[in-house]
Amino acid sequence: MSLLEDILGSVVASFGGPSAPAATVDGFGADLDCADDLRDDLRMAGPTLALAQAAYRRLTTPRGGVIDAPDYGFDLRSLLSRGMTPAELAAVPGLVRGELTKDERFEDVETRARMLDSATLELVIRCHTAAGPFELTMNVTAAAAAFAGVR
């Protein structure tokens with residue numbers, strides 16, 4: 001075993017050993033619950049939450065920010081750093097759809113974008129997957145993005 005495998009093994013053992021991923025019929029499986037960062041309790045996210053978090057991360061990662069995936073990501077915060085014209089706001093749903101449908105788990109994406117105030121963009125993103133649709137809500141400012149919910 002390598003040193004890294006030894007360290008990871010001891011970390012996993014300290015949490016009582018690995019737990020089996022959630023069984024799902026959709027083939028998406030489960031992942032750790034981590035919109036922005038891992039939770040302290042290392043809770044698992046089911047398939048819908050895991051996909052919603054993957055969409056959120058894709059929309060808050062600057063293009064080129066993933067070293068082995070140079071075409072991954074579009075940081076929506078960059079749109080708000082200089083204010084948005086009505087035409088730019090109208091283009092947001094197409095930008096979101098173009099980025100998310102790069103991931104084959106998303107069959108289609110529909111987005112409603114509106115300014116909550118002069119600095120906050122609200123996105124309601126309806127994602128269509130093989131497991132069925134879900135909605136992700138995000139609030140975005142030039143300084144931060146917030147995972148507001150999924151249903």
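In which strand is Phe 147 found? Phe 147 is found in strand S6, which comprises residues 145-150. The legends below describe close-up views of a predicted model.

**Figure 1. Overview of the predicted chain and its elements.** The chain contains four helices and six strands. Read from the N terminus, these elements follow the order α-β-β-α-α-α-β-β-β-β. Of the 151 residues in the chain, 30% are buried. Among contacts between residues at least 6 apart in sequence, 33% join residues at least 24 apart. The exposed surface of the chain amounts to about 8,700 Å², and carbon and sulfur atoms supply 56% of this area.

**Figure 2. Close-up of helix H4, residues 86-100.** Helix H4 has 15 residues, which at 1.5 Å a residue should span 21 Å; the C-alpha atoms at its ends are 22 Å apart, in agreement with that expectation. A bend of about 30 degrees occurs in H4 at Val 92, and a proline, Pro 93, follows within four residues. The buried residues of H4 are Val 92, Val 96, Glu 99 and Leu 100. An α-helix has 3.6 residues a turn, so residues three or four places apart point the same way.

**Figure 3. Close-up of the largest nonpolar core.** This core comprises 23 residues, of which Leu 76, Ile 125 and Met 138 touch the most other members. Two or more residues are given to the core by each of helix H2 (47-58), helix H3 (77-80), helix H4, strand S4 and strand S5 (132-140). In soluble globular proteins, nonpolar side chains tend to be buried together. Beyond residues up to four places away in sequence, Leu 76 touches Leu 59, Val 96, Leu 123, Met 138 and Val 140. One of these partners, Val 96, is a buried residue of H4.

**Figure 4. Close-up of Val 140 in strand S5.** Val 140 counts as buried because its relative accessibility is 0%, under the 20% cut-off. Apart from neighbours within four places in sequence, Val 140 is in contact with Leu 76, Arg 77, Leu 80, Ala 119, Thr 120, Leu 121, Leu 123 and Ala 145. The C-alpha atoms of Val 140 and Leu 121 are 5.0 Å apart in space, although the two residues are 19 residues apart in sequence.

**Figure 5. Close-up of Thr 60 in the loop between H2 and H3.** With a relative accessible area of 13%, Thr 60 is buried. A polar atom of the Thr 60 side chain lies 2.9 Å from the backbone oxygen of Tyr 56. Not counting residues up to four places away in sequence, Thr 60 touches Phe 74, Asp 75, Arg 77, Met 138 and Ala 145. Met 138 is also among the core residues that touch the most other members.

**Figure 6. Close-up of Glu 122 in strand S4, residues 121-129.** Glu 122 counts as buried because its relative accessibility is 17%, which is under 20%. The side chain of Glu 122 makes a polar contact, at 2.7 Å, with the side chain of Arg 114. The residues that Glu 122 touches, leaving out those up to four places away in sequence, are Arg 112, Ala 113, Arg 114, Leu 116, Thr 137, Met 138 and Asn 139.

**Figure 7. Close-up of Glu 135 in strand S5.** Glu 135 is buried, with a relative accessible area of 11%. Neighbours within four places in sequence aside, Glu 135 is in contact with Arg 112, Val 124, Ile 125, Arg 126, Gly 149, Val 150 and Arg 151. Glu 135 and Val 109 are 26 residues apart in sequence, and their C-alpha atoms are 9.6 Å apart in space.

**Figure 8. Close-up of Phe 147 and Gly 149 in strand S6.** Phe 147 is partly exposed, with a relative accessible area of 22%. A C-alpha to C-alpha distance of 7.9 Å separates Phe 147 from Leu 136, eleven residues away in sequence. Gly 149 is in contact with Glu 135, Leu 136 and Thr 137, leaving aside neighbours within four places in sequence. The C-alpha atoms of Gly 149 and Glu 135 are separated by 8.1 Å, and the two residues are 14 residues apart along the chain.

Key: Residues are numbered from 1 along each chain as its sequence is written. This is a predicted model: local features need pLDDT of at least 70, side-chain atom pairs count only at pLDDT 80 or more; totals for chains, interfaces and linings use all residues. Side-chain values use heavy atoms; hydrogens and water are left out. Buried means under 20% relative accessible area, exposed over 50%, partly exposed in between (1.4 Å probe, protein chains only). A polar contact is a pair of N or O atoms within 3.5 Å; within protein, one must be able to donate a hydrogen and the other to accept it, and residues adjacent in sequence count only if both atoms are side-chain atoms. Contact means heavy atoms within 4.5 Å. The expected span of a helix is 1.5 Å times one less than its number of residues. The bend at a residue is the angle between axes fitted to the seven residues ending there and the seven starting there. A nonpolar core is a set of buried Ala, Val, Leu, Ile, Met, Phe, Trp, Tyr and Cys residues joined through side-chain atoms within 4.5 Å. Accessible areas come from the Shrake-Rupley method with a 1.4 Å probe; for residues, only the protein chains shown count as cover.
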